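Work through the exercises below with the model open beside you. Try each task before reading its solution.

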Amino acid sequence: MAGVKISGYGAGLPKLAVTNDDLAQIVDTSDEWISTRTGIRERRIAVDETLTDLCVEAAKAAMAQAEVMAKDLDLIIVATVTADLPLPNASCMLQRALGAVNATCFDLSAACSGFIFAMNTAQMYIRGGAAKTALVVGGEILSKILDWTDRSTCVLFGDGAGAAVLTASETEGILGITTGSDGAKGMALNFMEREIANPFKKTSGKIDVDDMDVSRFLYMEGPEIFKFALTKVPVSISEVLKKTGYKAADIDYFVLHQANYRILSSVAKRLHVSEDKFYVNLDRCGNTSAASIPIAMAEMSRRGLLKKGMKIVIAGFGGGLTWGAALIEV
Ligand code: COA
């Protein structure tokens, strides 16, 4: 079997919905500022859920739709920068919860592009014959790395997980993928120093890169990231269209990483495509990083928007810096 198709999607969201008005009680902000600058109105925040809980919910829904049992999975990749524990990794925690005893499991760290990078890796495993049925999950509990006194970041993000099942298939469901990275600009979005401390280290082990202390909480140069997204996203989408021989007009839906409505709107303009073709759920979920694309795809699937033969472009961008786009045929 030469092809790879996506045979199921699922999502797992925390129960608690936090509105912009709720945030205005915590930091100096307003519903008006957040909604006009970003399009976000509310986000889900984990209170009682772990990342594993959210990944399990997303995975079970995707597996049910794909009609795949846990023992059928031979690969699990979780894209995340906020695993419950550094060790064991999020994918092994998920494997344990699912009882997916035949799977090889590892995490992948590529921030908001993580789902696309993980999907690319899984499809290569399948095409190379190393796996037949892969579970790819993007999941984040970003709320645990946010500085809840910093209004410029804490209003933007949400928690959640999204999953897709990829299977070897006679027909082709992933028509093309392109990815890229620019580590030189990576410090524009960073978090979490861990000091190097061991018996041989004589001075402070504080990590600094480019003479900058790495932040314990999520640090973002918002306007820099905004500019980066406006440049890279249209280019990566054009690249994947060129690679596959399609035009923007042939695409039924564009499902972009849900960071900011103004980014989606600007990309639509640059591609000369109606904004109606851009699926939006950032108003309800905020920016869930690696989870945003599979959560959106799961919603679209549940709402019956994904019809056989449709062409969908997905595109991610974010920390690293990293970016990627893929053309999927439903
Ligand atoms: N509420 C009210 N005011 C706020 C605020 C908030 N939550 N956050 C920032 N502000 C203020 C700033 O302090 C600044 O005030 P000043 O002019 O008095 O200094 C003003 O609003 C403008 O800030 P600025 O950062 O220039 O706003 P912006 O229009 O660039 O929008 C972002 C900020 C973060 C929404 C925007 O830069 C963005 O979306 N960037 C991309 C982020 C992204 O996608 N990140 C994830 C990538 S995966």
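The exercises go from the whole chain to single residues and pairs.

**Exercise 1. Overall build**

Task: Describe the fold content of the chain, and decide how compact the chain is for 330 residues.

Solution:
- Start with the source. This is a predicted model.
- Take the secondary structure next. The chain has 10 helices and 15 strands.
- Compare the radius of gyration with the globule rule. The radius is 19 Å and the rule gives 20 Å for 330 residues, so the chain is as compact as a globular protein of that length.
- Add the dimensions. Along the principal axes, the C-alpha atoms fill a box of roughly 55 × 50 × 35 Å.
- Check burial. Buried residues make up 56% of the 330 residues.
- Look at contact range. Of the contacts with a separation of 6 or more, 75% are between residues 24 or more positions apart.

**Exercise 2. Surface and charge**

Task: State how much area the chain exposes, and how its charged side chains are distributed.

Solution:
- The exposed area is about 14,600 Å². Carbon and sulfur atoms supply 53% of that area.
- Count the charges. There are 34 positive and 38 negative side chains.
- Locate the two sets. Their centres lie 5 Å apart.

**Exercise 3. Helix α4 and its surroundings**

Task: Find which residues of α4 are buried, and which elements they pack against.

Solution:
- Begin just before the helix. Pro 88 lies in the loop between β4 and α4. A cis peptide bond joins Leu 87 to Pro 88, with omega about -5 degrees.
- Now read the helix, residues 90-98. Its buried residues are Ala 90, Ser 91, Met 93, Leu 94, Gln 95 and Leu 98.
- Identify the partners. The buried residues of α4 pack against helix α3 and the strands β4, β5 and β6.
- Finish at the end of the helix. Gly 99, just after α4, takes a positive phi of about 70 degrees.

**Exercise 4. Two buried loop residues**

Task: Leu 73 sits in a loop, and so does Asn 281. Is each one buried or exposed?

Solution:
- Place Leu 73. This residue is in the loop between α3 and β4.
- Apply the cut-off. Buried means under 20% relative accessible area. Leu 73 has 0%, so Leu 73 is buried.
- List its contacts beyond four places in sequence. Among them are Met 63, Leu 98, Ala 103 and Leu 135.
- Take one distance. The C-alpha atoms of Leu 73 and Ala 103 are 5.4 Å apart, although 30 residues separate the two along the chain.
- Move to Asn 281, in the loop between α8 and α9. At 2% relative accessibility, Asn 281 is buried.
- Its contacts beyond four places are Gln 258, Gly 286, Ile 295, Ala 296 and Glu 299.

**Exercise 5. Salt bridges**

Task: How many salt bridges does the whole structure hold? Characterise three of them.

Solution:
- A search of the whole structure finds eight.
- Take Asp 28 and Arg 151. Their closest N and O atoms are 3.7 Å apart. The pair links distant parts of the chain, with Asp 28 in the loop between α1 and α2 and Arg 151 in helix α6, 123 residues apart. Asp 28 is exposed at 62%, and Arg 151 is partly exposed at 48%.
- Take Lys 227 and Glu 224. Here the closest N and O atoms are 3.1 Å apart. The two are three residues apart in helix α7, which means a separation of about one helical turn. Glu 224 is partly exposed at 35%.
- Take Lys 311 and Glu 329. The N to O distance is 3.4 Å. This pair joins strand β14 to strand β15, 18 residues apart. Lys 311 is buried at 13%, while Glu 329 is partly exposed at 28%.

**Exercise 6. Backbone exceptions**

Task: Where do Glu 67 and Ser 289 lie, and what is the phi of each?

Solution:
- Glu 67 is in the loop between α3 and β4. Its phi is near 55 degrees, a positive value in a residue other than glycine. Glu 67 is exposed at 71%.
- Ser 289 is in the loop between α9 and α10. Its phi is also positive, near 55 degrees. Ser 289 is buried at 3%.
- Add one peptide bond. The bond from Gly 320 to Leu 321 is cis, with omega near -5 degrees. Leu 321 lies in the loop between β14 and β15.

Key: Residues are numbered from 1 along each chain as its sequence is written. This is a predicted model: local features need pLDDT of at least 70, side-chain atom pairs count only at pLDDT 80 or more; totals for chains, interfaces and linings use all residues. Side-chain values use heavy atoms; hydrogens and water are left out. Helices (H or I, at least four residues) and strands (E, at least two) are DSSP runs, numbered from the N terminus. Buried means under 20% relative accessible area, exposed over 50%, partly exposed in between (1.4 Å probe, protein chains only). Contact means heavy atoms within 4.5 Å. The radius of gyration is taken over C-alpha atoms; the globule rule is 2.2 Å times the number of residues to the power 0.38. Accessible areas come from the Shrake-Rupley method with a 1.4 Å probe; for residues, only the protein chains shown count as cover. Lys and Arg count as positive and Asp and Glu as negative; His and the chain ends are not counted. The place of a charge is taken as NZ of Lys, CZ of Arg, CG of Asp or CD of Glu. A salt bridge is a side-chain nitrogen of Lys or Arg within 4 Å of a carboxyl oxygen of Asp or Glu.
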